[in-house]
Amino acid sequence: TDKPKFENPQHIFWRKQSKGVVFFFFFCYDVCSLFKLWKEKSCMSKKLVAYFSASGVTKNAALKLAELAGADSFEIKPVVPYTDADLNWRDANSRSSVEMKDKSFRPPIAEKLSNVNDYDVLFVCFPIWWYVAPTIVNTFLESCDLHGKTVILCATSASSGFGRTLEELENSCMGAILREGRMLNGNIDEAELKTWLKNLNI
């Protein structure tokens, strides 16, 4: 008859120990992986695309920017919407013409951004009016506490660039890092815009 086999107790002990070591290794690996993922996400800046759009052109560009940047969006709305007549730049008495002649004028906005503290980076998008940002953009910026934040300007225009926009908005962005971003005209090249966003290092 076969004799019963007895395993060396020492072998049993070390086999159990090795299983425990393997389990502990994988446990630590999982914990480290989760911690790395959490750290990467926590270090990512929270972004917002705030935009003013009178005709819808800037809105479309801004929402595409928000999509590619992984940002939230917020529309800057005037209390009284602009009509086509208001936007007639050829009419010296149109609403937009009158507003833009007075650099101290601040058109009231319908809603303030209540959670600005949630964001580190604000992209601010708008159409170029008279070679600068519409004064409602000043209204929005001055309604926010921007200390320690980065504000990146993006704009649309049929014929001009940023002009003096950066200089005109500096006093409305006290405490923030203000950067001239890019024009978002025409059909947006998504690959190019993604590359630009990556190179911002934000």
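D189 caps the N-terminal end of helix α6 in this predicted model. One of its side-chain oxygens sits 3.1 Å from the backbone nitrogen of A191. The helix itself covers residues 190-199. Just past α6, N201 adopts a positive phi of about 55 degrees.

**Helix α6**

Which residues of α6 are buried? They are L193, W196 and L197. Viewed down the axis of α6, these buried residues fall within an arc of 100 degrees, so they line one face of the helix. The general rule is that an α-helix has 3.6 residues a turn, so residues three or four places apart point the same way. The face of α6 turned away from the buried side carries A191, K198 and N199, which are exposed. A191 thus appears twice: its backbone nitrogen faces the cap from D189, and the residue is exposed.

What do the buried residues of α6 pack against? Their partners are α2 (57-69), β3, β4 (150-156) and β5 (177-183). W196 also has a charged neighbour: R182 lies over the face of its ring, at 5.6 Å from the ring centre.

**Aromatic pairs**

Five aromatic pairs turn up in a search of the whole structure. Two of them are set out here.

| Pair | Centre to centre | Angle between planes | Arrangement |
|---|---|---|---|
| F74 and F140 | 5.9 Å | 25 degrees | stacked |
| Y82 and W129 | 5.6 Å | 85 degrees | edge-to-face |

Why is the pair of F74 and F140 stacked? Its planes lie at 25 degrees, and the cut-off for stacking is under 30 degrees, so the pair qualifies. The pair links distant parts of the chain, with F74 in strand β2 (residues 72-75) and F140 in helix α4 (residues 135-142), 66 residues apart. F74 counts as buried at 11% relative accessibility. F140 is buried too, at 0%.

The pair of Y82 and W129 also links distant parts of the chain. Y82 belongs to the loop between β2 and α3 (95-101). W129 belongs to the loop between β3 (121-127) and α4. The two are 47 residues apart. Both Y82 and W129 are buried. F52 joins Y82 and W129 in one aromatic cluster. R95 lies over the face of Y82, at 3.7 Å from the ring centre.

**S96**

S96 lies in helix α3. Is S96 buried or exposed? S96 is buried, with a relative accessible area of 1%. Leaving aside residues up to four places away in sequence, S96 touches D86, L87, N88, W129 and W130. W129 among these contacts is also a member of the aromatic cluster with F52 and Y82.

**Strand β1**

Strand β1 spans residues 47-51. Five of its five residues are buried, so β1 is largely enclosed by the rest of the structure. K47, V49 and Y51 point one way from the strand. L48 and A50 point the other way. All of these residues are buried, K47 included.

Which strands does β1 pair with? With β3, the pairing is parallel and runs over five bridges. K47 has V121 as its bridge partner in β3. With β2, the pairing is also in the parallel sense, over four bridges. There, L48 stands opposite D72.

**Links between the parts**

β3 pairs with β1, and the buried residues of α6 pack against β3 as well. β2 pairs with β1 and holds F74 of the stacked pair.

Terms used:
Residues numbered from 1 in each chain as written. Predicted model: local features only at pLDDT ≥ 70, side-chain atom pairs only at ≥ 80, totals over all residues. Heavy atoms only, no water. Phe/Tyr/Trp six-rings, centres within 6.5 Å; stacked < 30°, edge-to-face > 60°. Buried < 20%, exposed > 50% of the residue type's maximum accessible area, 1.4 Å probe, protein only. Lys NZ or Arg CZ within 6 Å of the ring centre and 35° of its normal. Arc of directions from axis to C-beta. Contact = heavy atoms within 4.5 Å. Polar contact = N/O pair within 3.5 Å; in protein donor to acceptor, adjacent residues only side chain to side chain. Pairing = 2+ DSSP bridges.
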